[in-house]
Amino acid sequence: AGKSKISSSSSTENTNNMGDGFAEWSMGVQKVAMTYRWNFDDLIRQKFDFGRSMGAYTSDDLPRNSMGNVVLDESMSRRIKAGERITYIDYDMGAYAGFIVGSVCIKAPKYLNFSQNGRAQSRPFYTEFAVFHKTVEKGTASSDNTASILAQQFDENSIPPELYCSRMTRLYSIDGRLSQGSTSFFTLKRMSRGE
């Protein structure tokens, strides 16, 4: 997974010709495993395992585990097609709201507080946007152009993963300033029954 880190520049000199001094970018690559455990009833768990990194690494302020309760509105089940229904997830005891609509997953803080009297958020917060793509066979027409392009990246002797995920995460400091942004790409690895 590749990512970028942004932080405020503390120097007003422009010795390295880095632009207007707005920010400093640190690039890095880190191996990350994202696991979803969902009992397809009302509980879901999102877990991250971070491996080695080259360059910038994922901030320790980003949660490693997130638990949620799935809230389903069955009254809409007959009026809206299954692929168009919204699944709402109440994460981390109400701190974050998650939505799954089709192949899109969004997670953001439920409440933010930026007051003028100096009282801000009590801890850093983050937002997450992920899109899942299903691999299509070569030569098969697909409305998802990204999945078609990904399927063409493999030769006839290799087997592409059945599912891809592209994910963007933004981590903000307690005063609401962007402290780290990351873009990640995942492939599906099915878990065995014992895991």
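This is a short walk through one predicted model, from its overall make-up to its pockets, surface and charged pairs.

I'll start with the chain as a whole. The protein chain has 195 residues, and 27% of them are buried. It holds one helix and 10 strands. If you read along the sequence, the order is β-β-β-β-β-β-β-β-α-β-β. In that pattern the helix comes after eight strands and is followed by two more.

Now the open spaces. The largest pocket takes up about 1,300 Å³. Which residues sit closest to its centre? They are Met 34, Thr 35, Tyr 36, Leu 188 and Lys 189, out of 31 residues that line the pocket. Several strands contribute to that lining with two or more residues each: strand 2, covering 24–38, strand 3, covering 43–55, strand 7, covering 104–109, strand 9, covering 163–172, and strand 10, covering 178–187. Strand 2 gives the largest share, with eight residues. As for the kinds of residue, the lining of this pocket has 19 that are nonpolar, five that are polar and seven that are charged.

Next, the closed spaces. How many cavities of 30 Å³ or more does a search of the whole structure find? The search finds two. The second largest cavity has a volume of about 30 Å³. Its lining consists of Gln 46, Phe 48, Pro 63, Asn 65, Ser 66, Lys 107, Tyr 126, Glu 128 and Arg 167. At least two of these lining residues come from each of strand 3, strand 4, which spans 65–71, and strand 8, which spans 125–134. By class, the lining of the second largest cavity splits into three nonpolar, three polar and three charged residues. On your screen, strand 3 is a useful place to begin, since it gives residues to the lining of the largest pocket and also to the lining of the second largest cavity.

Moving to the surface, there is a nonpolar patch made by Ile 86, Phe 99, Val 101, Ile 106, Phe 129 and Met 168. Together these residues have about 490 Å² of accessible area. Take Ile 86 as one of them. Ile 86 belongs to strand 5, residues 86–91. Is Ile 86 buried or exposed? It is exposed, because its relative accessible area is 54%, and the cut-off for exposed is over 50%.

Following the chain past strand 5, we come to a loop that leads to strand 6, residues 96–101. Two residues there have a backbone angle to point out. Asp 92, in that loop, has a positive phi of about 50 degrees, although it is not a glycine. Met 93 lies in the loop between strand 5 and strand 6 as well. Met 93 also is not a glycine, and its phi is positive at about 55 degrees. Their exposure can be read separately. Asp 92 counts as partly exposed, at 24% relative accessibility. Met 93 is exposed, with a relative accessible area of 87%.

The last topic is charged pairs. Side chains of opposite charge can pair when their charged atoms come close. The count here comes to five salt bridges, and I'll go through some of them.

One joins the side chains of Asp 90 and Lys 110, at 2.7 Å from N to O. What does this pair tie together? Asp 90 lies in strand 5 and Lys 110 in the loop between strand 7 and strand 8, so the pair links parts that are 20 residues apart in sequence. Lys 110 is partly exposed, at 30% relative accessibility.

Another salt bridge is between the side chains of Asp 60 and Arg 64, at 3.3 Å from N to O. Asp 60 is exposed, with a relative accessible area of 63%, while Arg 64 is partly exposed, at 27%.

A further salt bridge pairs Asp 175 with Arg 177, where the closest N and O atoms are 3.2 Å apart. In this pair, Asp 175 is partly exposed, with a relative accessible area of 43%. Arg 177, on the other hand, is exposed, at 54%.

To close, a place to look first: strand 5 holds Ile 86, from the nonpolar patch, and Asp 90, from the salt bridge with Lys 110. The loop after strand 5 holds Asp 92 and Met 93.

Conventions. Residues numbered from 1 in each chain as written. Predicted model: local features only at pLDDT ≥ 70, side-chain atom pairs only at ≥ 80, totals over all residues. Heavy atoms only, no water. 1 Å grid on protein atoms, 1.4 Å probe; cavity = no way out; pocket = protein on both sides within 12 Å on 5 of 7 lines; lining within 4 Å. Points joined across faces, edges and corners; volume = space filled by probe spheres on them. Helix = DSSP H or I, 4+ residues; strand = E, 2+ residues; numbered from the N terminus. Nonpolar A, V, L, I, M, F, W, Y, C, P; charged D, E, K, R; others polar. Patch = residues over 30% accessible without salt bridge, like charges linked within 9 Å, V, L, I, M, F, W, Y side chains within 5 Å. Areas by Shrake-Rupley, 256 points an atom, 1.4 Å probe, with all protein chains shown as cover. Salt bridge = Lys/Arg side-chain N within 4 Å of Asp/Glu carboxyl O. Buried < 20%, exposed > 50% of the residue type's maximum accessible area, 1.4 Å probe, protein only.
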